[in-house]
Amino acid sequence: MKKSYRGLVLWMLVFLVGFIPLMILKVDGALLTRLTLNYTCVMIAALAYIIYKFDRIYWYNGVYFNKAEEAGRRRRDAYALAHFEKFKKLVIFFGAYSILAHFINISIFIDVFVMTTATIVTAISTMKIKL
């Protein structure tokens, strides 16, 4: 295991650059907001997958590199996969919610509230996951 944050920095750059196509789109504000929220949700799940795939659990707050190294690959993989699975469910939930919200014309303020609350609940739910 080698400690590196290069992938995290790269993910941040890709995350930021990914907003450029959204800014170019000629859509109404509600759709743009929903697309932006979904993009953010997908990118958070993508980060969780990257952490799992490339064995970088020390990127998570509270997980120190030396403790991660001591845990062994099998435990690190289980820990990272459990995180990814929770954020994957968030993507599915919010994507379905967004489609429904768009067709029944729910306020984007509610969208932001739902996304923020769901993300916080998902993040808090990961605190139960033990290395």
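What volume does the largest pocket have? It comes to about 260 Å³, and keep in mind that this is a predicted model. The protein around that pocket is built from six helices and zero strands. Below is a quick tour of the fold, the pockets, helix α1 and a handful of residues.

**Overall picture**

- Reading from the N terminus, the elements go α-α-α-α-α-α.
- The C-alpha trace spans about 50 × 30 × 20 Å along its principal axes.
- The protein has 131 residues, and 35% of them count as buried.
- If you take contacts between residues at least 6 apart in sequence, 70% of them join residues at least 24 apart.

**The largest pocket**

- Its lining is made up of 15 residues, and those nearest the centre are Tyr-60, Asn-61, His-83, Phe-87 and Thr-126.
- Two elements, α3 and α5, give two or more residues each to this lining.
- Of the elements, α3 gives the most, with four residues.
- Sorted by class, the lining has 12 nonpolar residues, three polar ones and no charged ones.

**The second largest pocket**

- This one has a volume of about 190 Å³.
- The residues lining the second largest pocket are Lys-2, Ser-4, Arg-6, Gly-7, Leu-10, Trp-11, Ile-50, Phe-54, Arg-56 and Trp-59.
- Helix α1 supplies the largest share of that lining, four residues.
- By class, the second largest pocket is lined by five nonpolar, two polar and three charged residues, whereas the lining of the largest pocket has no charged residues.

**Helix α1, face by face**

- Helix α1 covers residues 6-17, which makes 12 residues.
- From first C-alpha to last, α1 reaches 17 Å, close to the 16 Å expected at 1.5 Å a residue.
- Its buried residues are Leu-8, Trp-11 and Phe-15.
- Looking down the axis of α1, those buried residues fall within an arc of 55°, so they line one face of the helix.
- What do the buried residues of α1 pack against? They pack against α2 (19-24) and α3 (29-53).
- On the face turned away from the buried side, α1 carries the exposed residues Arg-6, Leu-10, Leu-16 and Val-17.
- Two of the residues on that exposed face, Arg-6 and Leu-10, turn up again in the lining of the second largest pocket.
- Trp-11, from the buried set of α1, is also among the residues lining the second largest pocket.

**Residues along helix α5**

- Arg-76 sits in helix α5, and its relative accessibility is 7%, so it counts as buried.
- Setting aside neighbours within four places in sequence, Arg-76 is in contact with Met-1, Asp-55, Ile-57, Ala-68, Glu-69, Ala-71 and Leu-131.
- Leu-81 belongs to helix α5, which runs over residues 73-103.
- Is Leu-81 buried or partly exposed? Leu-81 counts as partly exposed because its relative accessibility is 31%.
- Leu-81 and Lys-53 are 28 residues apart in sequence, while their C-alpha atoms are 8.7 Å apart in space.
- Ser-98 is another residue of helix α5, and with a relative accessibility of 6% it counts as buried.
- Leaving out neighbours within four places in sequence, Ser-98 is in contact with Arg-34 and Asn-38.

**Two loop residues with positive phi**

- As background, most residues other than glycine have a negative phi.
- Asp-55 has a positive phi, near 55°, and is not a glycine.
- Where is Asp-55 placed? It lies in the loop between α3 and α4 (65-71).
- Asp-55 counts as buried because its relative accessibility is 6%, and one of its contacts is Arg-76.
- Asn-105 is not a glycine either, yet its phi is positive at about 60°.
- The place of Asn-105 is the loop between α5 and α6 (108-125).
- Unlike buried Asp-55, Asn-105 is exposed, with a relative accessible area of 65%.

How values were computed
Residues numbered from 1 in each chain as written. Predicted model: local features only at pLDDT ≥ 70, side-chain atom pairs only at ≥ 80, totals over all residues. Heavy atoms only, no water. Expected span 1.5 Å × (residues − 1). Buried < 20%, exposed > 50% of the residue type's maximum accessible area, 1.4 Å probe, protein only. Arc of directions from axis to C-beta. Contact = heavy atoms within 4.5 Å. 1 Å grid on protein atoms, 1.4 Å probe; cavity = no way out; pocket = protein on both sides within 12 Å on 5 of 7 lines; lining within 4 Å. Points joined across faces, edges and corners; volume = space filled by probe spheres on them. Nonpolar A, V, L, I, M, F, W, Y, C, P; charged D, E, K, R; others polar.
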